[in-house]
Amino acid sequence: MNIFRLAGDVSHLVAIIILLLKIWRSKSCAGISGKSQVLFALVFSTRYLDLFTVFVSVYNVVMKVVFLALSYATVYLIYMRFRNSYDSENDTFRVEFLLVPVIGLSFLENYAFTPLEILWTFSIFLEAVAIMPQLFMITKTGEAESITTHYLFFLGLYRALYIANWVWRYHMEGFFDQIAVVSGVVQTIFYCDFFYLYVTRVLRGKGKMSLPMPV
């Protein structure tokens with residue numbers, strides 16, 4: 001494992017912990033897209049089906065269990081524990097517009113036409129777009145609390161570090177996963193505008209990040 005992979009995993013973990021702490025401490029999930037969190041839980045569920053059949057390392061097993069547990073804990077807090085604070089009126093992104101093409105691509109583009117490989121490919125493609133309901137919600141409301149933007153920043157940083165990880169592995173190991181790389185690049189592109197706003201607005205001391213309201 002190289003430093004970019006490790007840093008990427010840590011950034012991903014930090015992002016989820018930030019979100020969980022935000023919900024737990026404020027007793028509210030206002031401003032958080034439950035739809036995005038359900039999609040991320042679906043990503044981990046379909047990607048880690050090999051948890052008890054393929055052993056890579058203790059680190060690999062622990063991280064899979066942690067991400068699964070935290071993702072479902074987040075969904076539980078949003079839809080069960082603090083459901084009264086969930087802003088369903090603004091969390092209106094049509095997830096079927098993501099799921100249908102992702103499912104189609106998973107059957108068309110995969111490394112082996114087997115259930116586990118198709119579901120793994122599905123998880124890779126879905127992760128690339130799972131954040132869209134959250135970004136749509138922020139755009140719709142016109143602002144986001146700084147703690148939510150910190151979550152998004154570390155999530156975007158995780159993807160950027162994984163791109164560096166893939167570059168490293170290609171040069172050092174000759175390894176290249178086309179599906180993962182293309183999906184990761186697409187996902188990182190979604191964060192580009194957000195990164196700019198994060199640096200220019202949030203890091204300069206504003207409590208909330210205001211965005212242009214949709215026309």
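## Exercises on a predicted helical model

In the protein chain, residues 24 or more positions apart account for 77% of the contacts with a separation of 6 or more. Keep in mind as you work that this is a predicted model.

**Exercise 1. Take stock of the chain.** How many helices and strands does the protein chain have, and in what order do the elements run?

*Solution.* Start with the count: the secondary structure comes to 8 helices and 2 strands. Next, walk along from the N terminus, where the order reads α-α-α-α-α-α-β-α-α-β. Finally, look at burial: of the 215 residues, 44% count as buried.

**Exercise 2. Classify a pair of helices.** Which term describes how helix 2 and helix 3 lie to each other, roughly parallel or roughly antiparallel?

*Solution.* Begin with the axes of helix 2 and helix 3, which come within 9 Å and cross at roughly 155°. Angles over 145 degrees count as roughly antiparallel. Helix 2 and helix 3 are therefore roughly antiparallel to each other. The crossing of helix 2 past helix 3 is left-handed.

Now see who meets whom. Helix 2 brings Gly-34, Lys-35, Gln-37, Val-38, Ala-41, Phe-44 and Ser-45, while helix 3 brings Phe-67, Leu-68, Ser-71, Tyr-72, Thr-74, Val-75, Ile-78 and Tyr-79. Sorted by class, this contact has 9 nonpolar, 5 polar and 1 charged residues.

**Exercise 3. Try a second pair.** Why is helix 4 described as oblique to helix 5?

*Solution.* First find the angle: the axes of helix 4 (residues 96-108) and helix 5 (residues 115-129) come within 8 Å and cross at roughly 140°. That angle makes helix 4 oblique to helix 5, because only angles over 145 degrees count as roughly antiparallel and 140° falls outside the other named ranges too. The crossing of helix 4 past helix 5 is right-handed.

Then list the partners. From helix 4 come Leu-98, Leu-99, Val-102, Ile-103, Leu-105, Ser-106 and Phe-107, and from helix 5 come Ile-118, Thr-121, Phe-122, Phe-125, Leu-126 and Val-129. By class, the contact of helix 4 with helix 5 has 11 nonpolar, 2 polar and no charged residues.

**Exercise 4. Explore the core.** Which residues touch the most other members of the largest nonpolar core?

*Solution.* This core has 46 residues, and those touching the most other members are Ile-23, Phe-44, Leu-126, Ile-131, Tyr-151 and Leu-155. Among the elements that give two or more residues to this core are helix 1 (3-26), helix 6 (132-141) and helix 7 (146-173).

Next, follow Phe-44 outwards. Leaving aside neighbours within four places in sequence, Phe-44 is in contact with His-12, Ile-16, Phe-67, Leu-68 and Ser-71. One of these partners, His-12, has its place in helix 1. With the same neighbours left aside, His-12 is in contact with Phe-44, Phe-67, Glu-127, Phe-154, Leu-155 and Tyr-158.

**Exercise 5. Buried or partly exposed?** Decide for His-12, Ser-183 and Phe-4.

*Solution.* Buried means under 20% relative accessible area.

- His-12 has 4%, so His-12 is buried.
- Ser-183 has 6% and therefore counts as buried. Ser-183 lies in helix 8 and, beyond neighbours within four places in sequence, is in contact with Ile-124, Phe-125 and Ala-128.
- Phe-4 has 29%, so Phe-4 is partly exposed. Phe-4 is found in helix 1 and touches Leu-161, Ala-164, Asn-165 and Trp-168, not counting residues up to four places away in sequence.

As a last step, find Val-167 in the structure: its C-alpha atom is separated by 9.7 Å from that of Phe-4, although the two are 163 residues apart along the chain.

Notes
Residues numbered from 1 in each chain as written. Predicted model: local features only at pLDDT ≥ 70, side-chain atom pairs only at ≥ 80, totals over all residues. Heavy atoms only, no water. Axes fitted to C-alpha atoms, helices over the stretch in contact; angles between N-to-C directions. Helix = DSSP H or I, 4+ residues; strand = E, 2+ residues; numbered from the N terminus. Parallel < 35°, antiparallel > 145°, perpendicular 65-115°, else oblique. Left-handed = near helix turned anticlockwise from the far one by under 90°. Contact = heavy atoms within 4.5 Å. Nonpolar A, V, L, I, M, F, W, Y, C, P; charged D, E, K, R; others polar. Core = buried A, V, L, I, M, F, W, Y, C linked by side-chain atoms within 4.5 Å. Buried < 20%, exposed > 50% of the residue type's maximum accessible area, 1.4 Å probe, protein only.
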